[in-house]
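Colleague: I have just opened this model and would like some help reading it. Could we go through it together?

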2 protein chains.
Amino acid sequence: MAAELDKIDFKILKLLQENGRITNLLLSQEIGLSPAPTLERVRKLEMAGYIKSYHALVDEEKLGLGIKTFIQIQLDFHKNNTIQTFLDEVNQIKEVTECHHVTGQADFLLKVYVSDIKAYERLIMDKISKISVVKTFQTMMIMSTTKKEPIVPLEY
Amino acid sequence: MAAELDKIDFKILKLLQENGRITNLLLSQEIGLSPAPTLERVRKLEMAGYIKSYHALVDEEKLGLGIKTFIQIQLDFHKNNTIQTFLDEVNQIKEVTECHHVTGQADFLLKVYVSDIKAYERLIMDKISKISVVKTFQTMMIMSTTKKEPIVPLEY
DNA sequence: GGTTTTTAAGAATAATATTTTGTTTGTTTA
DNA sequence: TAAACAAACAAAATATTATTCTTAAAAACC
């Protein structure tokens, strides 16, 4: 994609973020073009990497994942390859769905899904606290999430 | 959905989380059914709320959102309707894409996308710190994100 | 002002989604 | 055990949508 994105491209991105399964026909009507150039634009956005992927959003609670938490983790940097060791361990833990390397008091912020408190305790006892390079960690239980939006470009 | 989900349903959820735009034909081949019952299962999962929605995932950096942060916020509960006041204000801020009510030191954890440090300063100065019920806040800049996966049911 | 490039529309074709119908499978009940 | 019922599935027909191709219009460039 040589030039920059225009207003129509942003509108496509916005609509596809909101509804990733909208048909090309509907999409074309929403943006005021015919299906052919609409599809061409979507393909270009995909090819150029503006659209990375498409995903279904599932209801975690209905699937028995009643507990969502963020865990802040401080590492012990007295050992070698501290960060890589940590990342290797964390990647093994399927309950961890996000892992962010952050600035501030903590070194990493993890997002975790488990079914209940017992499962959370097991996660902490058997997995998190067993990672050798973890110095301290602190749990933030998510009581409710009041906003969770797709990222919409700010312009336009 | 009267009964519980079976192995095939979980497989559908997994596949749709990974690729929200997979065609019903491909999906049916992956799970080993014909298109008709496959579609029927997907519709049931949607109707029953197991699948909440579909979304395109965009590349924030390509769209000029170079800075991602988490902000921990402590509220001042000496006023009335502290939480509702906070939520009303936060909902106005388009840079805030997630807002979690959490336990621990902080009361809320926000996820924020902005274009650069200048924009971040403006956000802090003009918006976050102007919310009357905010007592303290602490920024975690995301340096990198090494894991970001859809939630896959743990069973099977 | 003419030329090139880009973008879009329309029409034809291909692929897929969706519906309908009938069959199988499994379960319940007498 | 057999009969009746319900649920799930497959196959085929139809409807809808995606995709490609060709042509026209618009914009950018020289």
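Modeller: Gladly; we can take the chain interface and then the DNA. This is a predicted model, where local features need pLDDT of at least 70 and side-chain atom pairs count only at pLDDT 80 or more, while totals for chains, interfaces and linings use all residues. Residues are numbered from 1 along each chain as its sequence is written, chains are lettered from A and ligands numbered from 1 in the order written, and side-chain values use heavy atoms, without hydrogens and water.

Colleague: How much area do chain B and chain A bury between them?

Modeller: The size of an interface is often given as the accessible area lost when the parts come together. Chain B and chain A bury about 6100 Å² (accessible area, 1.4 Å probe, summed over both), with 59% of it on carbon and sulfur atoms. On the side of chain B, B:Arg21, B:Lys147 and B:Ile151 lose the most area to chain A, together 13% of what that side buries.

Colleague: How many salt bridges are there between chain B and chain A?

Modeller: The count is zero (a side-chain nitrogen of Lys or Arg within 4 Å of a carboxyl oxygen of Asp or Glu).

Colleague: And which residues are around DNA strand D?

Modeller: Among those with a heavy atom within 4 Å of DNA strand D are A:Leu25, A:Arg43 and B:Arg41. Sugar and phosphate make up 82% of the strand's atoms that come within 4 Å of the protein. A side-chain N or O atom of A:Arg43 is 2.5 Å from a phosphate oxygen of DNA strand D, and for B:Arg41 the distance is 2.9 Å.

Conventions
A polar contact is a pair of N or O atoms within 3.5 Å; within protein, one must be able to donate a hydrogen and the other to accept it, and residues adjacent in sequence count only if both atoms are side-chain atoms. Buried area is the accessible area (1.4 Å probe) that two parts lose on being put together, summed over both.
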